[in-house]
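Please examine the sequence and the three-dimensional structure shown here before reading the dialogue.

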Amino acid sequence: MDLLRIFRDKALVNLLADRLRAYSGPPVRFMEVCGTHTMSVFRNGLRALLPPNIHLLSGPGCPVCVTPSGFIDQAIRAGTRRDTIITTFGDLIRVPGSLGTLERARAAEADIRIVYSPLDVLPIAQANPGKLVVFLAVGFETTAPGIALMIQAAESRGIPNISILPGLKRMPPVLRALASPGAGGHGLDGLICPGHVAAIIGADSFGFLAGECGLPAVIAGFEPLDLMLAIYKLINQVDQINRGIREAPGLENAYKRVVKPGGNTIAWARVQAVFEWSTSVWRGFGPIPGSGMALRAGYAHRDARVILGLDPEETMTDNLATGCECGLVLRGQLSPPECPMFARGCSPESPRGACMVSSEGACAAYYRYRHRDVIGG
């Protein structure tokens with residue numbers, strides 16, 4: 001069975017689109033939390049298939065977009081030393097901080113290298129024993145197992161010159177901050193939860209969205225049919241609640257071929273062996289207790305901030321460029337084209353904010369696909 005072909009089948013997608021267009025209730029706003037979801041929605045022209053009373057918003061699920069400027073500044077400080085090599089995923093290198101970008105630091109002869117896996121750091125460190133190799137640890141629960149594996153491999157192989165700049169984040173705390181009744185004013189009617197994060201931490205980890213926050217929530221995969229099915233399930237919940245057929249919202253798993261109730265226990269156990277939860281600053285949200293991942297005491301000698309004497313408070317600061325509205329975009333309170341700088345001084349070629357830089361950023365998606373409205377087109 002060709003599963004990929006099935007989940008990209010236009011006839012099945014259009015069948016769900018027809019059912020969604022039959023929705024005649026009040027306007028609803030659903031947030032696709034994950035940046036990969038946002039890109040898939042645009043790439044496949046799904047917005048054009050929805051009726052005008054179903055709105056999609058982007059959320060805080062792009063790891064580069066939610067990384068505060070202070071983290072970039074500290075990475076630049078570490079990279080400008082002659083005794084360090086900075087390693088990073090490519091998306092981060094053009095994100096502006098207060099001190100500029102990693103790309104500019106590299107042009108000024110800082111040794112900054114792009115890697116495609118945390119494990120790529122191991123041979124770099126072994127080939128450069130006189131330098132400290134710093135990996136910029138940015139990402140969510142999906143990225144964390146690979147970074148934990150890299151740190152444990154450095155320990156077991158006796159490679160002393162590997163460290164990380166901690167910037168990993170956890171998705172449930174930010175969603176609680178976004179959607180809890182106390183947060184107020186989110187204006188959402190449902191959430192499309194990130195399938196790859198759920199694959200690691202388990203579907204059950206998102207149960208609080210319905211139970212505590214009173215929001216319908218559906219875990220979704222990344223193909224067109226996955227996303228249309230998730231939207232259909234959300235509309236079904238909303239409609240049933242509005243008509244009194246259903247009493248309360250619930251969490252549904254529309255990605256069962258990958259996501260299990262308890263997640264990937266082996267991968268998550270590895271993360272928990274290396275990291276403990278800490279307060280972290282999210283662009284647009286500020287500090288959120290328990291939303292970050294800090295190295296446990298047994299691995300503190302792998303923390304670049306400790307080794308290099310960097311101020312840990314610097315990574316807790318976030319200064320946006322004047323006029324940049326990335327923070328409101330990440331909270332679902334502003335659509336990218338509503339930002340005064342969108343396509344007027346801020347573009348993928350000349351980004352002013354992180355949401356325009358990242359390949360998963362909402363502004364980048366709106367900019368790239370703003371003239372495209374046909375599935376598969």
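The following exchange between a student and a tutor discusses this structure.

Tutor: This is a predicted model, in which local features need pLDDT of at least 70 and side-chain atom pairs count only at pLDDT 80 or more, while totals for chains, interfaces and linings use all residues. Residues are numbered from 1 along each chain as its sequence is written, and side-chain values use heavy atoms, with hydrogens and water left out.

Student: In what order do the four strands of the open sheet lie?
Tutor: Strands (E, at least two residues) and helices (H or I, at least four) are DSSP runs, numbered from the N terminus, and two strands pair if DSSP finds at least two bridges between them. The pairing in this sheet is parallel. The edge strands, each pairing on one side only, are S4 (112-114) and S6 (162-168). The order is S4-S3-S5-S6.

Student: Which residue in S4 stands opposite Ile-86?
Tutor: Strand S3 (residues 84-88) runs parallel to S4, and three bridges join them. Opposite Ile-86 stands Ile-112.

Student: Which residue in S6 is the bridge partner of Ala-137?
Tutor: S5 and S6 pair in the parallel sense, and seven bridges link them. The partner of Ala-137 is Pro-166.

Student: What is the handedness of the β-α-β crossover from S5 through H7 to S6?
Tutor: Helix H7 (residues 144-157) lies across strand S5 (132-139) and S6, and runs at about 160° to S6. Such angles run from 0 to 180 degrees between N-to-C directions, with axes as lines fitted to C-alpha atoms, for helices over the stretch in contact. A crossover is right-handed if, with the strands pointing away from the viewer, the path from the first strand over the helix to the second runs clockwise. The crossover from S5 through H7 to S6 is right-handed.

Student: How many residues of S6 are buried?
Tutor: Buried means under 20% relative accessible area, exposed over 50%, and partly exposed in between (1.4 Å probe, protein chains only). In a regular strand the side chains alternate between the two faces of the sheet. In S6, Ile-162, Ile-164, Pro-166 and Leu-168 point one way, Ser-163, Leu-165 and Gly-167 point the other way, and all are buried. The number buried is seven of seven.

Student: Which residues have the most contacts inside the largest nonpolar core?
Tutor: A nonpolar core is a set of buried Ala, Val, Leu, Ile, Met, Phe, Trp, Tyr and Cys residues joined through side-chain atoms within 4.5 Å. The largest has 106 residues. Contact means heavy atoms within 4.5 Å, and Phe-275 is in contact with residues including Ile-164 and Leu-168, leaving aside its neighbours within four places in sequence. The residues with the most contacts inside this core are Phe-206 and Phe-275.

Student: Why does Cys-34 form no bond with Cys-62?
Tutor: A disulfide is a pair of cysteine sulfur atoms within 2.5 Å, and a search of the whole structure finds zero disulfides. Cys-62 holds the closest cysteine sulfur to that of Cys-34, yet the two are too far apart for a bond. Their separation is 8.8 Å.

Student: Is Glu-109 buried or exposed?
Tutor: Glu-109 is in the loop between helix H5 (102-107) and S4. Its phi is near 85°, a positive value in a residue other than glycine. Because its relative accessibility is 74%, Glu-109 counts as exposed.
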